[in-house]
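Here are my notes on the model, set out as numbered points. Have the structure open while you read.

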Amino acid sequence: MAEVTVTRGVVLRETQTKETDKVLTLLSEDLGKMTVIARGARRKTCKFAACAQSLAYSEWTLYQRGSWWYAREGSTLELFDGLRTDLETLALGFYMAELTEAVSPEEVPVRELLRHLLNGLYALSSLHKSAALVKPAFELRLLCLAGYEPLADACASCGEPDPETPALDAVQGVIYCKKCAPSGTGRLLCRDSLAALRHIVYGDAKRLYSFRLGEAPLDRLQRAVESFVFAQLERSFKTLDFYKSLAGK
């Protein structure tokens, strides 16, 4: 008899296969990142078609045959409709999902990562937070949760806690002051962007998106965090390229 389980999760990615089926990459609260075959999900009459789309958060009834999981039933919990009314915001949601997929282990429960993704999508969809603010906050906190937390409390060389011209070394994951920074070190920050970075790394998760920054400090933060992501994961993301093409960056 096939093993049956009920779990909640977000579709990180969907791939069309055959004429009516989809293969879903699902981030489940109980089973972690998993591959699910959704037979008939592309049919208009499929009862769980809405669940089988990227960024949908649903409750699934799954059954296992051998090493494969199959969808039996699905009930939507949150579709994040606010994302789907704006292509640029939706593209950022896709990038957030791809980045989460990149740091999530196979079939290992990672509830903090799932919660973080849901909160990020909610901030964009329902709270209408600025994409320019949500993006670096989501990226950096996600990497912290995945074990890539930078050391941002003081200059890594002299220990100065409030450097006037700080810089983030994206490879080493540390902060330097201007006088201690090795030649060519990473991205320059400022006091405001460093304060925001510390808020993201060390602050309360419930208030992650509560900070404000002027245009120039926010731009410094965005560039520094994006460099950190690239240096730590050593890969690019097609969804990020698509989002930046829409955002004109």
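1. I'll begin with a pocket. Lys135, Arg187, Asp219, Gln222, Arg223, Glu226, Ser227, Tyr243, Lys244 and Lys249 line the second largest pocket. Keep in mind throughout that this is a predicted model. The pocket's volume comes out at about 220 Å³.

2. What is the make-up of that lining by class? Seven charged residues, two polar and one nonpolar line the second largest pocket. Two helices, α5 (215-233) and α6 (238-247), each supply at least two of the lining residues. The largest share comes from α5, with five residues.

3. Now for the largest pocket, which has a volume of about 340 Å³. Its lining counts 16 residues, and those nearest the centre are Asn119, Ala205, Lys206, Leu208 and Tyr209. The elements giving two or more residues to this lining are α2 and α3. Of the elements, α2 gives the most, with six residues. By class, the lining of the largest pocket has six charged, three polar and seven nonpolar residues.

4. Stepping back to the whole chain: the protein has six helices and nine strands. Its C-alpha atoms fill a box of roughly 65 × 35 × 30 Å along the principal axes. For 249 residues, a compact globule would have a radius of gyration near 18 Å, and the 20 Å of this protein agrees with that.

5. The rest of my points are about how α1, α2 and α3 pack. As background, two packed helices are described by the angle between their axes and the distance between the axes. Take α2 (residues 111-125) and α3 (residues 131-145) to start with: they pack at about 175 degrees, with axes 11 Å apart. The two helices are therefore roughly antiparallel to each other, since an angle over 145 degrees counts as such.

6. Which residues make the contact between α2 and α3? From α2 come Glu112, Leu113, His116, Leu117, Gly120, Ala123 and Leu124, and these meet Ala131, Val134, Ala137, Phe138, Arg141, Leu142 and Leu145 of α3. Sorted by class, the residues of this contact are ten nonpolar, two polar and two charged.

7. Next, α1 (residues 87-103) against α3: the angle is about 5 degrees, and the axes are 11 Å apart. That makes α1 roughly parallel to α3. On the α1 side, Leu92, Tyr95, Met96, Leu99, Thr100 and Val103 take part, meeting Ala131, Val134, Lys135, Phe138, Glu139 and Leu142 in α3. The class count for the contact of α1 with α3 is nine nonpolar, one polar and two charged residues. You have already met Lys135, which also lines the second largest pocket.

8. That leaves α1 with α2, whose axes come within 11 Å and cross at roughly 170 degrees. These helices are therefore roughly antiparallel to each other. Here Thr89, Leu92, Gly93, Met96, Ala97, Thr100 and Val103 of α1 meet Leu113, Leu117, Gly120, Leu121 and Leu124 of α2. How many charged residues are in this contact? There are none; the contact of α1 with α2 has eight nonpolar and four polar residues.

9. Finally, some residues to click on. In α1, Leu92 touches α3 and also α2. In α2, Leu117 meets α3 and also α1. In α3, Phe138 is in contact with α2 and with α1.

Definitions and conventions
Residues numbered from 1 in each chain as written. Predicted model: local features only at pLDDT ≥ 70, side-chain atom pairs only at ≥ 80, totals over all residues. Heavy atoms only, no water. Axes fitted to C-alpha atoms, helices over the stretch in contact; angles between N-to-C directions. Helix = DSSP H or I, 4+ residues; strand = E, 2+ residues; numbered from the N terminus. Parallel < 35°, antiparallel > 145°, perpendicular 65-115°, else oblique. Contact = heavy atoms within 4.5 Å. Nonpolar A, V, L, I, M, F, W, Y, C, P; charged D, E, K, R; others polar. 1 Å grid on protein atoms, 1.4 Å probe; cavity = no way out; pocket = protein on both sides within 12 Å on 5 of 7 lines; lining within 4 Å. Points joined across faces, edges and corners; volume = space filled by probe spheres on them. Rg over C-alpha atoms; globule rule 2.2 N^0.38 Å.
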